[in-house]
Amino acid sequence: MSDAMLEPLWLGVLAPGCEARLSDIDLRGNRPPWSEASFAGEFSNQVSTVLGCRFRGEIIGFAVVHYVHPQAHILNVAVAQEFRSLGVGRRLLGFIIETLRGKECETLSLEVRRSNSAAQNLYASIGFEVIAERLRYYPDDGEDALVMRVPIECALKIFKQDNFVDPRKKLLPKQLLSSLLSNTNV
Ligand SMILES: CC(C)(COP(=O)(O)OP(=O)(O)OC[C@H]1O[C@@H](n2cnc3c(N)ncnc32)[C@H](O)[C@@H]1OP(=O)(O)O)[C@@H](O)C(=O)NCCC(=O)NCCS
């Protein structure tokens with residue numbers, strides 16, 4: 001596919017003011033969803049970074065990452081429903097890993113629902129492994145969480161093998177997007 005058929009995605013650190021959009025994406029992705037106040041709290045938390053992915057200016061995915069040297073933990077990550085399975089989640093993870101490398105972070109971890117095989121597949125493809133289980137972790141329905149972790153160097157090697165060193169350069173196919181855009185207000 002030539003570059004002329006592709007459109008760029010913006011990946012970067014988000015600033016306060018987008019809490020309503022983040023909460024809206026989360027409402028359709030995670031249980032229990034975070035409130036706008038929860039996202040606002042992350043913007044004022046010194047150890048927290050809120051990273052996002054925009055398409056045509058609109059936020060279509062985000063991740064909340066806590067970093068206390070030398071370990072980072074993803075507290076929340078989601079891609080807007082209409083933009084899933086297009087590679088946005090992978091690019092977001094790649095951007096997180098690139099950002100953490102710059103901070104000399106050693107490992108990245110997260111919790112994921114036992115039933116969430118889509119997310120587990122994504123994490124496993126980047127080198128995450130299950131290191132623990134937290135029984136009845138989720139307060140809404142008591143589902144167990146798996147704790148997954150990857151050494152940053154290991155994730156970087158996998159991205160390099162995939163020619164995926166700089167996820168900011170990755171693009172979405174225009175044909176896929178045109179069908180998506182007719183169903184969204186982006
Ligand atoms: C999990 C999530 C962030 C993945 O984002 P995404 O943009 O859809 O994922 P990508 O398109 O980048 O897919 C990357 C990989 O994830 C896995 N994956 C994604 N969607 C999948 C699905 N429906 N079923 C199985 N595996 C899936 C695949 O391994 C895929 O790689 P492939 O395309 O080479 O097969 C997204 O599905 C989401 O927001 N889900 C709801 C919220 C959530 O579950 N967050 C995670 C909480 S821990």
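For these notes I take helices as DSSP runs of H or I at least four residues long, numbered from the N terminus. The model I looked at is predicted.

**Entry 1, the ligand shell.** I asked which element gives the most to the shell around the ligand. It is α4, with 6 residues. I then looked up where α4 runs and found residues 117-125. Other elements that supply at least two shell residues each are β5 (71-79), α3 (88-102) and β6 (107-113).

I listed the residues around the ligand and got 21. Those that come nearest are G29, G89, A118, N121 and L122. Sorted by class, the shell has 10 nonpolar and 9 polar residues, plus 2 charged ones.

**Entry 2, E129.** I looked up E129 next and found this residue in strand β7, which covers residues 129-134. Is E129 buried or exposed? I counted 13 other C-beta atoms within 10 Å, so E129 is partly exposed; the exposed class stops at 12 and the buried class begins at 20.

Leaving out residues up to four places away in sequence, I found that E129 touches M148 and R149. For the pair E129 and R149 I also noted the spacing: 20 residues in sequence, and 5.5 Å in space from C-alpha to C-alpha.

**Entry 3, the whole chain.** I counted 6 helices and 9 strands in the chain. The chain has 186 residues, of which 31% count as buried. Last, I took the contacts between residues at least 6 apart in sequence; 63% of these join residues at least 24 apart.

Methods:
Residues numbered from 1 in each chain as written. Predicted model: local features only at pLDDT ≥ 70, side-chain atom pairs only at ≥ 80, totals over all residues. Contact = placed C-beta atoms within 7 Å. Near = placed C-beta within 6 Å. Nonpolar A, V, L, I, M, F, W, Y, C, P; charged D, E, K, R; others polar.
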